[in-house]
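Me: I am new to this structure and would like to go through it slowly, asking at each step how a description is reached. Could you take me through it with the reasoning spelled out?

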Amino acid sequence: MIEPGATSAAPMSGPPANVGPPPETVAATQGPASAAPDAGPRAGASSVASGDGSLLELRNVKTYFPVLGGIMRRTVGFVYAVDNVSFDIKRGETLGLVGESGCGKTTLGRTILRLTKATEGSVSFGGTDVLSLKGDDLRRMRGRMQIIFQDPYGSLNPRMPVSDIIGEGLLAQGMKNSKERIERVEHSLEVVGLRADYTRRYPHEFSGGQRQRIGIARALALEPEFIVCDEPVSALDVSIQSQILNLLQELKEKFGLTYLFVAHNLSVVQYISDRVGVMYLGKLVELADVDHLYAAPRHPYTIALLSAVPVPNPKIRKKRLVLTGDVPSPVNPPSGCHFHTRCWLREKLGNPEICSTQEPPLSEVEPGHFAACHFTDDTKEAPEVAEAVVAVA
Amino acid sequence: MSAPIEELAASAEKERDPNLLLEVSGLRTYFHVMDGTVKAVDGVDFALPRGETLGLVGESGCGKSVTALTIMRLIDTPPGEIVEGEIWFDGRDLTTLPDEEIRKVRGGEIAMIFQEPMTSLNPVFTVGNQIAEAVKLHQGVGDKEAMERAIESLKAVGVPDPEKRVKQYPHELSGGLRQRVMIAMALSCEPKLLIADEPTTALDVTIQAQILELIKEIQQRTGTALLLITHDLAVVAETVQRIAVMYAGVIVEQGTVEEVLLDPKHPYTQGLLSSIPGKQKRGRELSVIKGVVPNPFRMPPGCKFEPRCPFAWELCHTHEPDLVELGRADRRSRCFLQTPAGALRRPEFAAAAKQAVRDAVTGWET
């Protein structure tokens, strides 16, 4: 147990006393009081920031959607889709982002790419502030960051041949010569394992797996450095899913890509990611190396999430931590810790008041392992953890 | 087909194992469409004893949902047609039952839960109305008692505040609650068989865990038989006793969950299991099933899995294997490797097949 006072006063004061020295980025990370620290976007190395190798640095990113109501369509509230999220992605790394529907993981990916407007915060890509770019600068930046969408049916225009679907981005980036463009399209098709002569076909002529390859080819055609993979395999069958995962992995090695891999399937994320972030109701609640996160999760939500994953081994019968109720509405998130209304740990500890009054900061519980919970000490060797990670870790 | 249907029907009570609640044999459901005939279900046999649980597993388009809809006689004719086969349910053949009779079975003795709880509930009626409707229809009770039963069944599936919920419309409920309402509706008439078609696919993992626990708990409490249809091998592993794996309209392997998932015999099952990602597979390529599911208008002439099978040889290309018994009537595999014809080939494949099983179970082996 920690004394509530340690964390309650101000998020600036950092994590509980027994964990490593709190670098300034803990402040940069969470808490309403921590608005844009003086340290600037390039915060210390031993924090959510991963050091000099960062390609992408997010600081206090907030994306709110207005809720309109009444006859006058006035803003009556906000959907807090992404609420004060900070992390870095190293060059060449795959950062997995997991969470349930509505937790803001997709919105976060889209915010980074400027497909959705951020309300506040900063996103720095290779040293450039993405959120303030305009005009040609923004266009050039879009060529360096691409996205692969979830639905291989909805994301390809049925009235365009493959050459246009993939070539459109090239044209927008100024590749005016059509012969050159077709060559690039054919090359991208081959790279993703499709035949180069598919350029004149239309989306309906392809299977789901092939369409997803076209979506990947479209992202690759511009030779980006960074790709947001937004649930790229969720719509696919298991046997096709593994083909696409292998392809993504191969492309990453071949072209030195960096991925933000957004998915709800925890075993897919475990397979492909180097580090994993867990989101709940717009907040980043835990961030760690993949092996750490799956073997020794520290946030009670992550533990419950892992506990809920079914395993294909009939010999293992997990004793589940079944969360009660549904995810609360992001329009009116619970006070204090957003998770406190469903938290099993809070219940176990006799419903301490701090959970509903103070928002826990994302603090470093072990080197490189961050969790946003007032009681991370109590999850360190909790029996629930061992039960939850059985066969997953 | 062995005997004429009339004859079978007459002697059904005596000849059929009374312990079997559902017995599907030689079932073929085809769809006649403009471009030709889709043989969605092409010779499916399985049996489900009373009070037991069976998982029907396969990828999209393999015919698992059509099988369930055929059992419920919910296939539109045309374009669909039950071309052949029998579905024995509790002493009757559902394929030949008149429409009035099947209506009594449907929703009463056999209930079904669908994947998308939003589209399977009627948006213009309250939840209570929809549950009470089934109760009134099948149990012949009045409005007031039907509504009381509706409240009771919502309580039984763990819906908080059921008195309030019965007056609400589906759009006022979350996905997890809607699925609970569907389950309450299905259970309100105390069915002998519950068919759940991808009941948790549209739900988040924590809600999925809630619903699976609920289905298991209810199955054990009420003793209803369960036919669970899913693409997710992990979901069946936790929920049912036995599995039938479908591919391209036929069952390719069946047995207990332990047998099928820990010692898969059919190359398709092996491939499916080994393509599940996991920690042990980090840093190396996932094994894949090459190619794609065959075009339903151009099914392979021999074994349907032959074009994608790592072990196929000439015989597989020209002949379709039977679903052969592996020591027991309810442990079967549809592969020549398990037949005398394949025995001659087996030595050269033995090592590869062993590796395939090993690959299949890495990642979650303890």
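Reply: Let us begin with what a contact is, since much of what follows rests on it: two residues are in contact if their C-beta atoms, placed from the backbone, lie within 7 Å. The model is a predicted one, and in it Arg184(A), Val185(A), Ser188(A), Leu189(A) and Val191(A) in H6(A) meet Ala217(A), Leu220(A) and Ala221(A) in H7(A).

Me: What makes H6(A) oblique to H7(A)?

Reply: Helix H6 (residues 178–191) of chain A and H7(A) pack at an angle of about 125 degrees, and their axes are 9 Å apart. Roughly perpendicular covers 65 to 115 degrees and roughly antiparallel begins over 145, so an angle between those ranges counts as oblique, and that is how H6(A) stands to H7(A). The crossing of H6(A) and H7(A) is right-handed, and the residues of their contact comprise 6 nonpolar, 1 polar and 1 charged.

Me: Why are H5(A) and H7(A) called roughly parallel?

Reply: Helix H5 (residues 162–172) of chain A packs with helix H7 (residues 208–221) of chain A at an angle of about 25 degrees, the axes being 8 Å apart. Angles under 35 degrees count as roughly parallel, and H5(A) and H7(A) are therefore described in that way. Their crossing, too, is right-handed. On the side of H5(A) the contact is made by Val162(A), Ile165(A), Ile166(A), Gly169(A) and Leu170(A), and on the side of H7(A) by Ile214(A), Ala217(A), Arg218(A) and Ala221(A).

Me: What makes one residue in the contact of H5(A) with H7(A) polar?

Reply: The residues of this contact divide into 7 nonpolar, 1 polar and 1 charged. Gly is counted among the polar residues and Arg among the charged ones, and the contact includes Gly169(A) of H5(A) and Arg218(A) of H7(A).

Me: Which strands of the open sheet in chain A are edge strands, and what makes them so?

Reply: The sheet has 4 strands in the order E2-E1-E4-E5 (chain A), with antiparallel pairing. Strand E2 (74–90) and strand E5 (128–129) of chain A each pair on one side only, and that is what marks them as the edges.

Me: How do you know that E4(A) and E5(A) pair?

Reply: Two strands pair if at least two bridges are found between them, and strand E4 (residues 120–125) of chain A has 2 bridges to E5(A), in the antiparallel sense. One bridge sets Ser124(A) opposite its partner Asp129(A) in E5(A). Helix H3 (residues 105–112) of chain A packs on this sheet, where it touches strand E1 (54–69), E2 and E4 of chain A, and its direction makes about 75 degrees with that of E2(A).

Me: What is the order of the open sheet in chain B, and why do its edge strands have a side without a neighbour?

Reply: Here too 4 strands form an open sheet, in the order E2-E1-E4-E5 (chain B), with antiparallel pairing. Strand E2 (36–49) and strand E5 (92–93) of chain B each have a single partner strand, so one side of each has no neighbour in the sheet. Strand E1 (residues 20–33) of chain B pairs with E2(B) over 11 bridges, in the antiparallel sense, and in one of them Leu22(B) has Leu48(B) as its partner.

Me: What makes Glu223(A) stand out in its loop?

Reply: Most residues other than glycine have a negative phi. Glu223(A) is not a glycine, yet its phi is positive, at about 50 degrees, and its place is the loop between H7 and strand E7 (226–230) of chain A.

Me: Which peptide bond leading to Pro78(B) is cis?

Reply: The bond from Thr77(B) to Pro78(B) is cis, with omega near -20 degrees, and Pro78(B) lies in the loop between H3 and E4 of chain B. Another cis peptide bond joins Pro78(B) and Pro79(B), where omega is about 5 degrees.

Me: Over which residues of chain A does pLDDT stay under 50?

Reply: That holds for residues 1–47 of chain A, while chain A as a whole averages a pLDDT of 84, with 86% of its residues scoring at least 70. Where pLDDT is low, the predicted coordinates should not be read in detail.

Definitions and conventions:
Residues numbered from 1 in each chain as written. Chains lettered and ligands numbered in written order. Predicted model: local features only at pLDDT ≥ 70, side-chain atom pairs only at ≥ 80, totals over all residues. Axes fitted to C-alpha atoms, helices over the stretch in contact; angles between N-to-C directions. Left-handed = near helix turned anticlockwise from the far one by under 90°. pLDDT = per-residue confidence, 0-100.
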